[in-house]
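Trainee: Could you take me through the internal cavities of this model, one after the other? I would like to know what lines them and what surrounds them.

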Amino acid sequence: MKLEGVELRRVALPLVTPFRTSLGTQTVRNALLVRVATDEGEGWGECVAEDEPTYCPEYLEGAADVIRRFLVPALFPVDLDPAAVTPALHHLRGHPMAKAAVEMAVLDAWLRARGVSLAAYLGAVRRSLPVGVSVGITDTLDDLLDTVDRHLAAGYARVKLKIEPGWDVEPVARVRETFGADVMLTVDANTAYQPGDAAHLTRLDAYGLAMIEQPFAPDDLHAHARLAAMMSTPICLDESITSARDAVTAIRQGACSIINIKPGRVGGYLEARRIHDVARAHGLPVWCGGMLETGLGRAANLALAALPGFTLPGDISATARYYERDITAPFTLADGELAVPAGPGIGIAPEPSSLEALTTATEWIPAP
């Protein structure tokens, strides 16, 4: 398969409600879409980098620049298939979210041309999935309880609370007391704590959490391993895991017993599958995290999360959780589950009218 050109398209999707974490507050999701045109058809990818380099070093405009100046030119001479993308870009260091977007687009095009779904290609074993919901930091505890109540009523299988210093034990206690012990409840710190906070975090053991996610800096596996030895609550790593090699290192150091896999963070869906395989070989459950994806990324994440090792509900909420209007047809909960797309490629494509309405800029990169 030969690459004939690439379109970079920026879209802006207003959020239904502001989404606040320890890293900041979002009201609009600006996303970068990648459309590859090949001699066998086209495919779509999505870059999940954010506007600012807070979650990770990448940011949206930087990712667009890397794709334009370095990634796409490296792929034009290549006889493309999904497995050829990473070797072709190996000489370019870093930028996993940019690389993941390009790989996703190539996967979509290559699989569409062959009539194969991404789910089948990756090795999915389920047709629908129970999913969880991520609840941001709210202004008041009453706001938090109202939000959790609404999501549980919608049928979500797991509730994740964002926490930070000053907003941790009390909100968790109130949610647990209000909704009972049967609710699967987790917390996510997004690296907001210091190693000296370990004793404070052990207070969360009292609330029967399914996990505490990424309390410390991404490069501090020692602090996570120390906390794991102090707590009965399982430790989950997110930002710390950027490759299968990272996963092996973290597991060997006892820094986690659960891994959150985000394809953009690890460089693409093929590396995400390798991390899944590593974790499964070591007996660790994994789940699929979310980055406020459009319907394109949501579809691909569902395909990944249908693999056998994804035994915990992921952050792949229904479209209405975040957006009144998406660039694709909406994903809706049915009996607390989302269907895994079964069509060729990622199984979904943008709706032209919505895509046009939400687009803020486009550029075309032709083959030389």
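Mentor: In this predicted model, α3 gives the most to the lining of the largest cavity, with three residues. Along with α3, the helices α10 (263-266) and α12 (295-305) each supply at least two residues of that lining. The residues around the largest cavity are Glu-46, Val-48, Ala-100, Ala-101, Met-104, Pro-263, Gly-264, Tyr-269, Glu-293, Gly-297 and Asn-301. By class, six of them are nonpolar, three polar and two charged. The volume of this cavity is about 80 Å³.

The structure holds two cavities of 30 Å³ or more, and the second largest encloses about 30 Å³. Its lining consists of Val-135, Gly-136, Ile-137, Leu-144, Leu-161, Lys-162, Ile-163, Trp-167, Pro-171 and Val-172. Two elements, β6 (158-162) and α6, give two or more residues each to this lining. Here the division is eight nonpolar, one polar and one charged.

Some of these names recur in the packing. Leu-161 is one of the four residues that touch the most other members of the largest nonpolar core, which has 129 residues; the others are Ile-67, Leu-204 and Ile-259. Helix α3 (residues 96-114) gives the most to this core, with eleven residues. Leu-204 has contacts that include Ile-163, Val-169, Val-172 and Met-231.

Helix α6 (residues 169-179) also holds Arg-174. Arg-174 is partly exposed, because its relative accessible area is 29%, and Arg-174 touches Leu-141, Asp-142 and Leu-145, not counting residues up to four places away in sequence.

Technical notes: Residues are numbered from 1 along each chain as its sequence is written. This is a predicted model: local features need pLDDT of at least 70, side-chain atom pairs count only at pLDDT 80 or more; totals for chains, interfaces and linings use all residues. Side-chain values use heavy atoms; hydrogens and water are left out. Helices (H or I, at least four residues) and strands (E, at least two) are DSSP runs, numbered from the N terminus. Buried means under 20% relative accessible area, exposed over 50%, partly exposed in between (1.4 Å probe, protein chains only). Contact means heavy atoms within 4.5 Å. A nonpolar core is a set of buried Ala, Val, Leu, Ile, Met, Phe, Trp, Tyr and Cys residues joined through side-chain atoms within 4.5 Å. On a 1 Å grid over the protein atoms alone, a cavity is a set of points where a 1.4 Å probe fits but cannot get out, and a pocket is an open set with protein on both sides within 12 Å along at least five of seven lines; lining residues have an atom within 4 Å of a point. Grid points are joined across faces, edges and corners, and a volume is the space filled by probe spheres set on the points. Ala, Val, Leu, Ile, Met, Phe, Trp, Tyr, Cys and Pro count as nonpolar, Asp, Glu, Lys and Arg as charged, and the others, Gly among them, as polar.
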